[in-house]
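Here is a friendly walk through one protein chain, meant to be read with the structure open beside it. Take a moment to turn the model around before reading on.

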Amino acid sequence: MSLQPIMYRADDVVFAPDALADVRVDAKVVEHIRGEKLRVFKFKPKRGYRKRTGHRQELTRIEVTDIAGPADRASGTQKTDEEATE
């Protein structure tokens, strides 16, 4: 899955939409979960009106696997772990 970046920061901060077009963010879906239960209680005094309901928000947990900035995409090469440690 590819996400749309809203900001990128390496040596400098990039906010411009034209520069963000060169940034790529890859992610994968880890799981779909439901959030914590929220209690909603409605009450009107002297009328015998009491109502209790609840709500659980549907959530998706993702894991960002790769972020490629403008410099990474322009060169077209990616460093391996061995090259990065040298």
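K44 lies over the face of Y49, at 5.2 Å from the ring centre. Please keep in mind that this is a predicted model, and that K44 and Y49 are placed here by computation.

K44 belongs to strand β5, which covers residues 38–44, and Y49 belongs to strand β6, which covers residues 49–55. These two strands run antiparallel and are joined by seven bridges. Within that ladder, K42 stands opposite K51 in β6. Together β5 and β6 form a hairpin with four residues between them.

What is special about the backbone of K46? Its phi is positive, about 65°, although K46 is not a glycine. You will find K46 in the loop between β5 and β6. Is K46 buried or exposed? Its relative accessibility is 89%, so K46 counts as exposed.

The hairpin strand β5 also brings us to the aromatic rings. A pair of aromatic rings is described by the distance of the centres and the angle of the planes. The chain has one aromatic pair. F41 and F43 form this pair, and it is stacked, with 6.4 Å from centre to centre and 10° between the planes. F41 has a relative accessibility of 51%, and therefore counts as exposed. F43 also comes to 51% relative accessibility, so F43 counts as exposed too.

Now for the sheet. Strands of a sheet pair through backbone hydrogen bonds, either parallel or antiparallel. In this chain, an open sheet of three strands has the order β1-β4-β7, with antiparallel pairing. Why is one side of β1 and of β7 left without a neighbour in the sheet? Both strands stand at the edges and each has a single partner strand, so one side of each stays free of a neighbour there.

β4 spans residues 24–34, and its pairing with β1 (residues 2–3) takes two bridges. With β7 (residues 58–68), β4 pairs over 10 bridges. If you would like to trace the register by eye, these residue pairs are handy starting points.

| Residue | Opposite residue | Strand of the opposite residue |
|---|---|---|
| L3 | V25 | β4 |
| A27 | V64 | β7 |
| I33 | L59 | β7 |

V25 turns up again in the interior. Which residues make up the largest nonpolar core? There are five in all: Y8, V14, L20, V23 and V25. One of them, L20, touches P5, I6, M7, Y8, V14 and F15, leaving aside residues up to four places away in sequence. Two of those contacts, Y8 and V14, are themselves members of the core.

Finally, let us step back to the whole chain. Three helices and seven strands are present. Starting at the N terminus, the elements follow the order β-β-β-α-β-β-β-β-α-α. How much of the chain is buried? Buried residues account for 12% of the 86 residues. The chain exposes about 7800 Å², and carbon and sulfur atoms supply 48% of that area. As for contacts between residues at least 6 apart in sequence, 58% join residues at least 24 apart.

Conventions
Residues are numbered from 1 along each chain as its sequence is written. This is a predicted model: local features need pLDDT of at least 70, side-chain atom pairs count only at pLDDT 80 or more; totals for chains, interfaces and linings use all residues. Side-chain values use heavy atoms; hydrogens and water are left out. Two strands pair if DSSP finds at least two bridges between them. Buried means under 20% relative accessible area, exposed over 50%, partly exposed in between (1.4 Å probe, protein chains only). Contact means heavy atoms within 4.5 Å. Accessible areas come from the Shrake-Rupley method with a 1.4 Å probe; for residues, only the protein chains shown count as cover. Rings of Phe, Tyr and Trp (its six-membered ring) pair if their centres lie within 6.5 Å; planes under 30 degrees apart count as stacked, over 60 as edge-to-face and the rest as tilted. A charge sits over a ring if NZ of Lys or CZ of Arg is within 6 Å of the ring centre and within 35 degrees of the ring normal. A nonpolar core is a set of buried Ala, Val, Leu, Ile, Met, Phe, Trp, Tyr and Cys residues joined through side-chain atoms within 4.5 Å.
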